[in-house]
Amino acid sequence: MTHSYRELVIGGVLIAPLLSYAVATIVIVVILRPVLHLVGFSNLFSNPPIAELSLYIAILGLLTLLF
(Lines give C-alpha, C1' and ligand atoms only; values in the text may rest on other atoms or scores of the structure.)
Protein backbone atom coordinates (compact mmCIF):
# COMPACT_ATOMS: atom_id res chain seq x y z
CA MET A 1 0.00 0.00 0.00
CA THR A 2 1.44 3.34 -0.99
CA HIS A 3 0.91 6.53 0.95
CA SER A 4 -0.27 9.52 -1.06
CA TYR A 5 1.45 12.71 0.06
CA ARG A 6 -0.39 16.01 0.17
CA GLU A 7 1.98 18.67 -1.13
CA LEU A 8 1.51 22.31 -0.24
CA VAL A 9 1.59 24.61 -3.26
CA ILE A 10 2.67 28.22 -2.67
CA GLY A 11 2.96 30.38 -5.77
CA GLY A 12 3.30 27.36 -8.02
CA VAL A 13 6.13 25.88 -5.93
CA LEU A 14 5.62 22.48 -4.34
CA ILE A 15 6.59 22.40 -0.66
CA ALA A 16 7.55 19.04 0.82
CA PRO A 17 5.08 17.62 3.34
CA LEU A 18 7.83 17.28 5.94
CA LEU A 19 8.33 21.05 5.92
CA SER A 20 4.62 21.56 6.59
CA TYR A 21 4.79 19.06 9.46
CA ALA A 22 7.88 20.79 10.89
CA VAL A 23 6.14 24.17 10.90
CA ALA A 24 3.03 22.66 12.49
CA THR A 25 5.24 21.02 15.13
CA ILE A 26 6.90 24.35 15.94
CA VAL A 27 3.46 25.90 16.44
CA ILE A 28 2.39 23.02 18.71
CA VAL A 29 5.58 23.21 20.80
CA VAL A 30 5.29 27.01 21.16
CA ILE A 31 1.73 26.56 22.42
CA LEU A 32 2.79 23.76 24.80
CA ARG A 33 5.79 25.58 26.34
CA PRO A 34 3.80 27.69 28.84
CA VAL A 35 1.82 24.62 29.90
CA LEU A 36 5.01 22.62 30.36
CA HIS A 37 6.51 25.47 32.37
CA LEU A 38 3.50 25.49 34.72
CA VAL A 39 3.70 21.72 35.18
CA GLY A 40 7.43 21.88 35.97
CA PHE A 41 8.64 19.95 32.93
CA SER A 42 12.14 21.45 33.10
CA ASN A 43 12.59 20.35 36.73
CA LEU A 44 12.15 16.70 35.78
CA PHE A 45 15.25 16.58 33.55
CA SER A 46 18.92 17.35 34.07
CA ASN A 47 19.14 18.91 30.60
CA PRO A 48 15.80 20.58 29.75
CA PRO A 49 16.75 21.75 26.21
CA ILE A 50 17.44 18.16 25.16
CA ALA A 51 14.12 17.09 26.68
CA GLU A 52 12.32 19.80 24.68
CA LEU A 53 14.15 18.72 21.53
CA SER A 54 13.08 15.13 22.16
CA LEU A 55 9.49 16.31 22.61
CA TYR A 56 9.74 18.21 19.29
CA ILE A 57 11.05 15.11 17.51
CA ALA A 58 8.34 12.93 19.04
CA ILE A 59 5.57 15.32 17.94
CA LEU A 60 7.11 15.61 14.45
CA GLY A 61 7.20 11.81 14.20
CA LEU A 62 3.58 11.53 15.28
CA LEU A 63 2.46 14.11 12.74
CA THR A 64 4.40 12.33 10.02
CA LEU A 65 2.83 8.98 10.89
CA LEU A 66 -0.71 10.28 11.27
CA PHE A 67 -0.88 12.44 8.15
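A crossing of two helices is right-handed if the near helix is turned clockwise from the far one by less than a right angle, and left-handed if anticlockwise. With that in hand, here are some exercises on this predicted model.

**Exercise 1. Describe how helices α1 and α2 are arranged relative to each other.**

Step 1. Two packed helices are described by the angle between their axes and the distance between the axes.

Step 2. Helix α1 covers residues 17-39 and helix α2 covers residues 48-66; their axes come within 9 Å and cross at roughly 135 degrees.

Step 3. Angles over 145 degrees would count as roughly antiparallel, and 65 to 115 as roughly perpendicular. The pair α1 and α2 is therefore oblique.

Step 4. To finish, add the handedness: the crossing of α1 and α2 is right-handed.

**Exercise 2. Work out which residues of α1 and α2 meet, and what character the contact has.**

Step 1. From α1, the residues taking part include Leu18, Tyr21, Ile28, Val29, Leu32 and Arg33. On the α2 side, their partners include Glu52, Leu55, Tyr56, Ile59 and Leu63.

Step 2. Sorting the residues of this contact gives 14 nonpolar, 2 polar and 2 charged.

**Exercise 3. Take Thr25 and decide: is this residue buried or exposed?**

Step 1. Locate Thr25: this residue lies in helix α1.

Step 2. Buried means under 20% relative accessible area. Thr25 has 0%, so Thr25 is buried.

Step 3. Look for its neighbours. Leaving aside residues up to four places away in sequence, Thr25 touches Tyr56, Ile59, Leu60 and Leu63. These four residues also appear on the α2 side of the helix contact.

**Exercise 4. Find the salt bridge in the structure and characterise its two partners.**

Step 1. Side chains of opposite charge can pair when their charged atoms come close.

Step 2. The structure holds 1 salt bridge. Glu52 pairs with Arg33, with the closest N and O atoms 3.4 Å apart, inside the 4 Å cut-off.

Step 3. Glu52 sits in helix α2 and Arg33 in helix α1, 19 residues apart, so the pair links distant parts of the chain.

Step 4. Check accessibility. Glu52 is partly exposed because its relative accessibility is 27%; Arg33, at 47%, is partly exposed as well.

**Exercise 5. Place Ser42 relative to the helices and to Glu52.**

Step 1. Ser42 is found in the loop between α1 and α2.

Step 2. Its relative accessibility is 35%, so Ser42 counts as partly exposed.

Step 3. Ser42 and Glu52 are 10 residues apart along the chain, and their C-alpha atoms are separated by 8.6 Å.

Definitions and conventions:
Residues numbered from 1 in each chain as written. Predicted model: local features only at pLDDT ≥ 70, side-chain atom pairs only at ≥ 80, totals over all residues. Heavy atoms only, no water. Axes fitted to C-alpha atoms, helices over the stretch in contact; angles between N-to-C directions. Helix = DSSP H or I, 4+ residues; strand = E, 2+ residues; numbered from the N terminus. Parallel < 35°, antiparallel > 145°, perpendicular 65-115°, else oblique. Contact = heavy atoms within 4.5 Å. Nonpolar A, V, L, I, M, F, W, Y, C, P; charged D, E, K, R; others polar. Salt bridge = Lys/Arg side-chain N within 4 Å of Asp/Glu carboxyl O. Buried < 20%, exposed > 50% of the residue type's maximum accessible area, 1.4 Å probe, protein only.
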